[in-house]
Amino acid sequence: MSKKHPIISVTGSSGAGTSTVKHTFDQIFRREGIKAVSIEGDAFHRFNRAEMKAELQKRYDAGDPTFSHFSYEANELGELERVFREYGETGKGRTRHYVHDDKEAERYGVPPGEFTEWAEFANDSDLLFYEGLHGAVANDEVNLPKLADLKIGVVPVINLEWIQKIHRDRDSRGYSTEAVTDVILRRMHAYVHCITPQFTETDVNFQRVPVVDTSNPFIARWIPTPDESLVVIRFKNPRGIDFSYLTSMIGGSWMSRANSIVIPGGKMDLAMQLIFTPMVERLVHEARRA
Ligand SMILES: Nc1ncnc2c1ncn2[C@@H]1O[C@H](COP(=O)(O)OP(=O)(O)OP(=O)(O)O)[C@@H](O)[C@H]1O
Ligand SMILES: O=C(CO)[C@H](O)[C@H](O)COP(=O)(O)O
């Protein structure tokens, strides 16, 4: 935990919607005049695309079919922890980008499947914002939840998560449905062992639940829209959360448990703004006084 240089960590599986949540935070930062530095989880992959392919084959040949980008060992989590710690202590740090597609290649000047060089953060930021696969990992080697001040989980129910991943990977990254299906299958072991445990560490989880039939996610023609879904929002520690304010401001919402509310899918952006604006303001206010 860092008072002077706070860290917000948004964690979700591939296709869960963490980039979409980042847009909402960008709006909060802009409106509140907050200077945030952002890092992407994919920057901390251990291998570039060609190296990863070779590593997968090597491990497969050695009898391990479970290795994937979700595995701890496929990522530089020690380096991520070092960046969190350094930022918390000094406000400094570094990151890079993993380039996924031609559009990003044009933007960063590096071919798809490669990393950019590491670059230092801009000076004088108010907070660090992480978005990716492993922002709340606590294992024998690292403890990221201890270093982050606000931890958020983005976890659609799994059929929806797969639909979102299939459509995003097909439309923007040029993969076939079959290729994405193979990746989903290969990642399942690490999904259970490395991804899901993080959502008991997070302070607030957002779980999008479709209210249309997604029983065969591999043939879904489009991603269920916000109007075709509900979102369950669960607070790890409900103390201090003004549920009656939230349910009165968010039309059609209700409490489903003492620490959870359910909102219409189209109100997710509004709910995030109502929930996180005061939390972010408090973090930055305390940091400026520290
Ligand atoms: N709340 C939502 N309502 C409707 N569609 C959504 C929602 N959240 C995400 N999506 C869609 O799901 C797809 C994946 O979302 P996004 O790119 O944000 O995932 P991600 O978690 O950042 O993935 P990755 O980490 O692999 O880049 C996108 O097509 C996005 O438009
Ligand atoms: O989104 C991902 C993980 O969060 C990607 O699957 C991972 O970054 C590998 O990317 P690519 O298939 O483009 O090499």
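The following legends describe three close-up views of a predicted model.

**View 1. The surroundings of ligand 1.** Of the 15 residues around ligand 1, those that come nearest are G17, T18, S19, T20 and R168. At least two residues of this shell are supplied by each of α1 (18-32) and α5, and α1 gives the most, with three residues. By class, the shell holds eight polar, four charged and three nonpolar residues.

**View 2. Polar contacts of ligand 1.** Oxygen atoms of ligand 1 lie 3.0 Å from a backbone N or O atom of G15 and 3.2 Å from a backbone N or O atom of A16. A polar side-chain atom of Q164 lies 3.4 Å from an oxygen atom of the ligand. Taken alone, ligand 1 exposes 630 Å², of which the protein buries 79%.

**View 3. The largest cavity and the loop residue D124.** One cavity of 30 Å³ or more is found in a search of the whole structure. The largest cavity encloses about 100 Å³ of space. Its lining includes S13, F70, W162, K165 and Y191. The elements that give two or more residues to this lining are α5 (158-171) and α6 (177-195); the largest share, five residues, comes from α6. The lining residues divide into six nonpolar, three charged and two polar. D124 is placed in the loop between β4 (119-120) and β5 (127-132). Most residues other than glycine have a negative phi. D124, although not a glycine, has a positive phi of about 60 degrees. D124 counts as exposed because its relative accessibility is 66%, and exposed means over 50%.

Methods. Residues numbered from 1 in each chain as written. Chains lettered and ligands numbered in written order. Predicted model: local features only at pLDDT ≥ 70, side-chain atom pairs only at ≥ 80, totals over all residues. Heavy atoms only, no water. Helix = DSSP H or I, 4+ residues; strand = E, 2+ residues; numbered from the N terminus. Buried < 20%, exposed > 50% of the residue type's maximum accessible area, 1.4 Å probe, protein only. 1 Å grid on protein atoms, 1.4 Å probe; cavity = no way out; pocket = protein on both sides within 12 Å on 5 of 7 lines; lining within 4 Å. Points joined across faces, edges and corners; volume = space filled by probe spheres on them. Nonpolar A, V, L, I, M, F, W, Y, C, P; charged D, E, K, R; others polar. Near = heavy atom within 4 Å. Polar contact = N/O pair within 3.5 Å; in protein donor to acceptor, adjacent residues only side chain to side chain. Areas by Shrake-Rupley, 256 points an atom, 1.4 Å probe, with all protein chains shown as cover.
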